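Visitor: Hi! Could we go through this model together, starting with the empty space inside?
Guide: Happy to; here it is.

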Amino acid sequence: MTATSTAPQNRTEPRAEKDDAEPDTTAETVSALRAEVRRLTDRADLVDLLDRYVNHLDRDRHRDDWFADVFTEDAELTFPMGTYEGFAGLAAFQKMARTTFERTHHHASAHAVAVEGDRATVRAHLTAVHVRTAGEPATHFDIGGHYEATAVRTPEGWRVNRFSFDLVWSTGQGPQGAPGH
């Protein structure tokens with residue numbers, strides 16, 4: 001058995017020549033590394049935040065005590081069937097979802113993150129399966145689309161203050177008031 005290398009063969013990048021007029025200093029390098037670590041950490045934290053939201057929708061759908069883990073108290077969520085404001089609005093939205101569907105499965109992907117100081121925008125794709133009766137999983141309401149969330153940095157970490165879902169497609173019987181139903 002012969003070992004194979006995954007390293008490119010005979011590919012060498014030309015080395016950038018240092019400009020002697022502006023040498024890098026250790027302080028500049030450390031500052032640049034800190035900025036890059038902050039950028040990467042913010043991105044990871046924001047993707048985790050939005051993933052936490054879709055996981056709560058599926059795993060914690062019978063509880064409302066998780067809202068502060070994801071949202072600011074004045075958060076506004078906009079869906080095709082309406083806008084929900086604050087924790088009271090979130091509770092109303094959750095009640096509608098859990099009384100209409102016994103099971104759900106949400107999946108977000110392709111997160112695009114833009115951070116400006118203590119504010120951020122996250123855009124992603126979202127698909128979800130909504131099962132009315134757990135004993136009949138083949139009968140479901142499915143949706144797909146995009147969302148845009150804005151988040152703010154708080155003492156507890158990033159929190160969503162605005163969330164807007166743009167429905168691209170749906171199949172099956174949706175909740176009362178949903179487009180086409």
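Visitor: Which elements each supply at least two residues of the lining of the second largest cavity?
Guide: Helix 1, strand 1 (71–79) and helix 2 do. Helices (H or I, at least four residues) and strands (E, at least two) are DSSP runs, numbered from the N terminus. A cavity is a set of points on a 1 Å grid over the protein atoms alone where a 1.4 Å probe fits but cannot get out, and lining residues have an atom within 4 Å of a point. Bear in mind that this is a predicted model, where local features need pLDDT of at least 70, side-chain atom pairs need 80 or more, and totals for chains, interfaces and linings use all residues. Residues are numbered from 1 along each chain as its sequence is written, and side-chain values use heavy atoms, without hydrogens or water.

Visitor: Which of those gives the most to the lining of the second largest cavity?
Guide: Helix 2, with three residues. The full lining is Tyr 53, Leu 57, Trp 66, Phe 67, Phe 71, Leu 77, Leu 90, Phe 93 and Gln 94.

Visitor: How does that lining split by class, and what volume does it surround?
Guide: Eight of the residues are nonpolar, one is polar and none is charged. Ala, Val, Leu, Ile, Met, Phe, Trp, Tyr, Cys and Pro count as nonpolar, Asp, Glu, Lys and Arg as charged, and the others, Gly among them, as polar. The space inside is about 30 Å³, a volume being what probe spheres fill when set on the grid points, which are joined across faces, edges and corners.

Visitor: How many cavities of 30 Å³ or more are there in the whole structure?
Guide: Two turn up in the search. The largest cavity holds about 350 Å³. It is lined by 25 residues, and those closest to its centre are Met 81, Phe 93, His 106, His 130 and Ile 143.

Visitor: What's the class mix in the largest cavity's lining?
Guide: There are 19 nonpolar, four polar and two charged residues.

Visitor: And where in the fold do its lining residues come from?
Guide: At least two residues each come from helix 1 (26–59), helix 2 (86–100), strand 3 (103–116), strand 4 (119–131), strand 5 (140–154) and strand 6 (157–171). Helix 2 contributes the most here, with five residues.

Visitor: You named Ile 143 by the centre. Where is it placed, and is it buried or exposed?
Guide: Ile 143 is in strand 5, and it counts as buried because its relative accessible area is 11%. The cut-offs are under 20% for buried and over 50% for exposed, with partly exposed in between (1.4 Å probe, protein chains only).

Visitor: What is Ile 143 in contact with?
Guide: Leaving aside neighbours within four places in sequence, Ile 143 is in contact (heavy atoms within 4.5 Å) with Leu 126, Thr 127, Ala 128, His 130, Phe 165, Leu 167, Trp 169 and Ser 170. Between Ile 143 and Ser 170 the C-alpha to C-alpha distance is 4.3 Å, although they are 27 residues apart in sequence.

Visitor: Switching to the strands: how do strand 5 and strand 6 pair?
Guide: Antiparallel, over 13 bridges; strands pair if DSSP finds at least two bridges between them. A hairpin through two residues joins strand 5 to strand 6, and Thr 150 has Arg 162 in strand 6 as its bridge partner. On strand 4, 13 bridges also lead to strand 5, again antiparallel, with Leu 126 partnered by Gly 145.

Visitor: Why does Thr 121 count as buried?
Guide: Because its relative accessibility is 19%. Thr 121 is in strand 4, and beyond four places in sequence it is in contact with Ala 112, Val 113, Ala 114, Glu 148, Ala 149 and Thr 150.

Visitor: What about strand 1: which way does it run against strand 6?
Guide: Parallel, with four bridges, and Leu 77 stands opposite Phe 163 in strand 6. Strand 1 also has four bridges to strand 2 (residues 82–85), running antiparallel, and a hairpin through two residues links the two. Thr 78 partners Thr 83 in strand 2, while Glu 76 partners Glu 85.

Visitor: Last one: what's the mean pLDDT of the chain?
Guide: It is 87, and 84% of the residues reach 70 or more; pLDDT is the predictor's confidence in each residue, from 0 to 100. Residues 1–15 fall below 50, and beyond near neighbours in sequence that stretch has zero contacts in the model. Where pLDDT is low, predicted coordinates should not be read in detail.

Technical notes:
1 Å grid on protein atoms, 1.4 Å probe; cavity = no way out; pocket = protein on both sides within 12 Å on 5 of 7 lines; lining within 4 Å.
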